[in-house]
Amino acid sequence: MGRYVIRRLLQMIPVFIGTTLLIFLMVYALPGDPVRGLFGDKGASPEVLQNLRHEYGLDKPILVQYFDYMKGIVLHFDFGNQIASGRPVTEILGDAFPVTLRLAGLAFAIEAALGIILGLVSGMRAGKTADTLILILTLLLISVPVFVLGLILQTVVTNAGGAPSVSDDTDIGQMLMPAIVLASASLAYVARLTRTSVAENMRSDFMRTAIAKGLPRRRVVGVHLMRNSLIPVVTFLGTDLGALMGGAIVTERIFNIKGVGGTIADAITRREGTTLVGLVTILVLVYLVTSLIVDLLYAVLDPRIRYA
C-alpha cells in the first residue's frame with residue numbers, strides 16, 4: 001500500500017504540471033489587457049503601461065512567466081498579487097475557499113446521503129412503483145438546469161417572506177437552499193448509479209448465498225450488498241467533490257455568495273490571470289487528492305482489491 005501511494009504521488013507531479021501549464025496558457029491567451037483595464041476609458045501613456053507590465057512580469061515570454069509562477073508556488077507558496085487591487089492572491093484564496101468549502105461540503109453530504117438512499121430503495125424495488133417514481137424524480141432533476149432551479153427556489157422563498165440571498169458570512173442553515181440547488185443534478189446521478197449497481201448485485205450469486213445462509217437482512221444489505229454496490233458510486237462522488245467547488249459559479253452568483261465561483265467569474269470579467277490561475281490551481285490539487293483517496297477506498301470496500 002505504501003509503495004502504491006508513493007507511486008501515485010509521483011504520478012501526480014507531471015499531471016499537476018501539465019494541467020497548470022494548460023490552464024496558464026489558456027488564461028493568458030484570452031483577449032484583453034489587464035494592465036490597460038486598470039485605467040478604464042481614461043487610458044494611460046505607453047510608458048506607464050510598459051512599467052506596469054514589467055512590474056507584474058507580463059512583458060516576459062509566456063513560458064518564463066509560468067516558470068516564475070510555479071517557482072513562487074513551490075518555494076514560497078506565493079500565487080502572486082492581484083493586478084487590480086494589489087492584494088496577494090493567497091489572501092483572496094483565504095477569503096473565498098472557506099465559503100465554497102462549506103457550500104460544497106453541505107451539497108456533497110446532501111447528494112451522498114439522499115442519492116444513496118434513493119438509489120438503494122429504487123434498486124431493491126426495481127420495476128415497482130417506488131422505482132418508477134424515483135426514476136421520474138431523478139430525470140426531472142437532471143433535465144432542469146441549475147440556474148433555473150436556483151431561480152425557482154429563490155422566487156419561492158422570496159414570495160414566502162424569506163431572504164432572497166446570502167453572503168459570505170452565512171451559517172450552514174442559510175446555505176441549505178444553495179447547497180440543495182448545487183447538489184440537485186449530482187444527487188440524481190448518484191441515485192441512478194446506485195440503483196443500477198444495487199439492482200445488478202441483487203441478482204448475484206453471493207447475495208443468494210448470503211440469504212440462503214439465513215443472515216439477518218440488515219447484514220445482507222449493509223455489508224454484502226452495499227459494499228459491492230458502492231464502488232462505482234464512490235468513484236463518482238470522489239470526482240464530483242472538485243466539480244462541486246468548480247461548478248459553484250452559477251449557484252454563488254444566484255445567491256450572492258462570495259466564494260470561489262464568484263471570484264472566478266469576477267477574475268474572468270476583469271481578465272485577472274493571476275487570480276484565476278491561482279484559484280484553478282487549487283481546484284486541480286483538490287481533484288488529484290480526491291482521486292487518490294477514492295482509489296484507496298476501493299480496497300476498503302472490496303477486500304478483493306489489493307495494491308501491491
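User: In this predicted model, how far apart do the end C-alpha atoms of residues 133–152 lie?
Analyst: The span of residues 133–152 is 90% helix and 0% strand in the model, and the UniProt annotation "transmembrane region", from an unreviewed entry, includes this span among those it covers. Between the end C-alpha atoms of residues 133–152 the distance is 22 Å.

User: What is the distance between the end C-alpha atoms over residues 103–121?
Analyst: Residues 103–121 are likewise covered by the UniProt annotation "transmembrane region" of the unreviewed entry. Here the chain is 100% helix and 0% strand, and its end C-alpha atoms are apart by 27 Å.

User: How are helix α5 and helix α12 oriented to each other?
Analyst: The axes of α5 (residues 89–124) and α12 (residues 260–270) come within 8 Å and cross at roughly 135 degrees. Angles over 145 degrees count as roughly antiparallel and those from 65 to 115 as roughly perpendicular, and the crossing of roughly 135 degrees falls in neither class. The relation of α5 to α12 is therefore oblique.

User: Which residues of α12 make the contact with α5, and how many charged residues does the contact have?
Analyst: On the α5 side the contact is made by I92, A96, F97 and T100, and on the α12 side by V260, G261 and T263. These residues divide into four nonpolar and three polar. The α12 residues are thus V260, G261 and T263, and the number of charged residues is none.

User: Are α9 and α10 roughly parallel or roughly antiparallel?
Analyst: Helix α9 (residues 205–212) and helix α10 (residues 217–246) have axes that come within 11 Å and cross at roughly 170 degrees. Because angles over 145 degrees count as such, the two helices are roughly antiparallel.

User: How many residues of the contact of α9 with α10 are nonpolar?
Analyst: The contact is made by F206, M207, A210 and I211 of α9 together with V220, H224, L225 and N228 of α10. Two of these residues are polar and none is charged, while the nonpolar ones number six.

User: Which element gives the most to the lining of the largest pocket?
Analyst: The largest pocket holds about 530 Å³ of space and is lined by 21 residues, with Y56, D68, Y69, G80 and N81 nearest its centre. Two or more lining residues come from each of α1 (2–28), α4 (62–76) and α13 (273–301). With five residues, the element that gives the most is α4.

Methods: Residues numbered from 1 in each chain as written. Predicted model: local features only at pLDDT ≥ 70, side-chain atom pairs only at ≥ 80, totals over all residues. Heavy atoms only, no water. UniProt positions renumbered as here; feature names shortened; annotations may be inferred. Helix = DSSP H or I, 4+ residues; strand = E, 2+ residues; numbered from the N terminus. Axes fitted to C-alpha atoms, helices over the stretch in contact; angles between N-to-C directions. Parallel < 35°, antiparallel > 145°, perpendicular 65-115°, else oblique. Contact = heavy atoms within 4.5 Å. Nonpolar A, V, L, I, M, F, W, Y, C, P; charged D, E, K, R; others polar. 1 Å grid on protein atoms, 1.4 Å probe; cavity = no way out; pocket = protein on both sides within 12 Å on 5 of 7 lines; lining within 4 Å. Points joined across faces, edges and corners; volume = space filled by probe spheres on them.
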